[in-house]
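Please open the model in your viewer and keep the sequence panel in view. The tour goes from the whole chain to single side chains.

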Amino acid sequence: MLRAVFGKEQIACGMAADIDQYVILGADYNTFAMRRHDLLGCPAIYELDWPSTQTEKLRRMATAHIPRPRNTRYVAADLN
């Protein structure tokens, strides 16, 4: 919960400062980009996570007919 609150506060501060990128490390099944329709287009959101997790997340989104947000990039990465 604290991580989510902190992230929301940081994105609000960043938007006020005209940031153009938001990176979520270890995104897992995070739904931030899908919940924040007010951020469509700006900033660019990068979700970094394991390749298998990214693949499964995108598969589940497709199965549920959830479109990929156009400002989100899914980046497969080994975070070790």
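The stops below begin with the overall fold and end with the charged side chains.

This is a predicted model, in which local features need pLDDT of at least 70, side-chain atom pairs count only at pLDDT 80 or more, and totals for chains, interfaces and linings use all residues. Residues are numbered from 1 along each chain as its sequence is written, and side-chain values use heavy atoms, with hydrogens and water left out.

**Stop 1: the whole chain.** Show the protein chain as a cartoon and colour by secondary structure. Three helices and three strands should appear; helices (H or I, at least four residues) and strands (E, at least two) are DSSP runs, numbered from the N terminus. Along the sequence they come in the order α-β-α-β-α-β.

**Stop 2: surface and packing.** Switch to a surface view. The protein chain exposes about 5,400 Å², and 58% of that comes from carbon and sulfur atoms (accessible areas are from the Shrake-Rupley method with a 1.4 Å probe; for residues, only the protein chains shown count as cover). Of its 80 residues, 32% are buried, where buried means under 20% relative accessible area, exposed over 50%, and partly exposed in between (1.4 Å probe, protein chains only). Contacts are heavy atoms within 4.5 Å; among those between residues at least 6 apart in sequence, 54% join residues at least 24 apart.

**Stop 3: E47 and K57.** Where are the salt bridges of this structure? There are three of them, a salt bridge being a side-chain nitrogen of Lys or Arg within 4 Å of a carboxyl oxygen of Asp or Glu. Side chains of opposite charge can pair when their charged atoms come close. Select E47 and K57 for one of the three: their side chains meet at 2.5 Å, N to O. E47 lies in strand β2 (residues 44–49) and K57 in helix α3 (residues 51–63), so the pair links distant parts of the chain, ten residues apart. E47 is buried, at 0% relative accessibility, and K57 is buried as well, at 3%.

**Stop 4: E56, R59 and R60.** Stay on helix α3 and add E56, R59 and R60, which form a network of salt bridges.

- R59 pairs with E56 at 2.7 Å, N to O. The two are three residues apart in helix α3, so about one helical turn separates them.
- R60 pairs with E56 at 2.9 Å, N to O. These two are four residues apart in helix α3, again separated by about one helical turn.

Are the two arginines buried or partly exposed? R59 is partly exposed, with a relative accessible area of 47%, and R60 is partly exposed at 45%.
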